[in-house]
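Please look over the sequence and the model shown here before reading on. The text below goes through them step by step.

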Amino acid sequence: CSIELEEMADGGVHLFLVASDIDHCCHRLRLPESLSDWFAIDRVFTAQELRLVGTKIGTVTLNADDAVGVASAMAPMGFSWSLYFAQQTSEHTFGCSLGDGSSLFNDQRCPLVLDPRRDSHHLSSHYAYVNNLGLLSFSESLVQEKLGKAIVDFTAVGLELH
């Protein structure tokens, strides 16, 4: 991505960046059951073999001889769509958390031009690259405040930032 910073006539400017990433991003993304079935182990186990006797699945309590199939509930690493799901989830969740006061920038758009003389027009800009997140602003308190809100919002959907 390209970032351009307009020069101020009277001297220096401070631009603040906070960065974070989603801890174990693909492992935290949950697949819908219809897609999860594509990643099933080709073997049926008993509840006893999996030490699941007495476990409730829906309305059924498993007995020792009950057959249990195993499938991945997470977005598998190496499955090309996992990267896409992670990217879309990051962009959407971060964008919703930051609200209208922040603009997304990436390598598919025009260069990001930051002009400190018009900082009221630029509250913040952000990027999301799979599990990596960043927020730029001329206001240090704004980036800290928005990062704090993003941590809360990502945690609420089961994604931990660090």
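What follows describes a sheet, the helices on it, a cavity, a pocket and an aromatic pair.

The model is predicted, not determined by experiment. A good place to start is the open sheet, which is made of 4 strands in the order S2-S10-S9-S7, with mixed pairing. In general, strands of a sheet pair through backbone hydrogen bonds, and the pairing can be parallel or antiparallel. At the edges of this sheet are S2 and strand S7 (102-104), each of which pairs on one side only. From one strand to the next the twist averages 20°.

Inside the sheet, strand S9 (residues 124-129) and S10 run antiparallel and are joined by 5 bridges. One residue of this pairing is Ala128, whose bridge partner in S10 is Leu133. Helix H3 (residues 80-98) packs on the sheet and touches S7, S9 and S10. The direction of H3 makes about 160° with that of S9. Another helix, H4 (residues 140-156), lies across S2, S7, S9 and S10, and runs at about 150° to S10.

Where does the model leave enclosed space? There is 1 cavity of 30 Å³ or more, and the volume of the largest cavity is about 30 Å³. Its lining is formed by Val18, Ala19, Ser20, Phe94, Leu133, Gly134, Leu135 and Leu147. Leu133, already met as the bridge partner of Ala128, is thus also one of the cavity-lining residues. Strand S2 (16-21) and strand S10 (132-137) each supply at least two residues of this lining. By type, the lining has 6 nonpolar residues, 2 polar ones and no charged ones.

The largest pocket holds about 170 Å³ of space. It is lined by 10 residues, of which Gln87, Asn106, Asp107, Ala128 and Tyr129 are the closest to its centre. H3 and S9 are the elements that give two or more residues to the pocket lining, and S9 has the largest share, with 3 residues. Here the lining divides into 5 nonpolar, 3 polar and 2 charged residues. Ala128 therefore appears in two roles: S9 residue bridged to Leu133, and pocket-lining residue.

Last come the aromatic rings, with a count of 6 aromatic pairs. In one of them, the rings of Phe39 and Phe79 have centres 4.9 Å apart and planes at 70°, so the pair is edge-to-face. These two residues lie 40 residues apart and link distant parts of the chain. Phe39 is in the loop between helix H2 (33-36) and strand S3 (40-46), while Phe79 is in the loop between strand S6 (67-71) and H3.

Key: Residues numbered from 1 in each chain as written. Predicted model: local features only at pLDDT ≥ 70, side-chain atom pairs only at ≥ 80, totals over all residues. Heavy atoms only, no water. 1 Å grid on protein atoms, 1.4 Å probe; cavity = no way out; pocket = protein on both sides within 12 Å on 5 of 7 lines; lining within 4 Å. Points joined across faces, edges and corners; volume = space filled by probe spheres on them. Nonpolar A, V, L, I, M, F, W, Y, C, P; charged D, E, K, R; others polar. Pairing = 2+ DSSP bridges. Axes fitted to C-alpha atoms, helices over the stretch in contact; angles between N-to-C directions. Contact = heavy atoms within 4.5 Å. Phe/Tyr/Trp six-rings, centres within 6.5 Å; stacked < 30°, edge-to-face > 60°.
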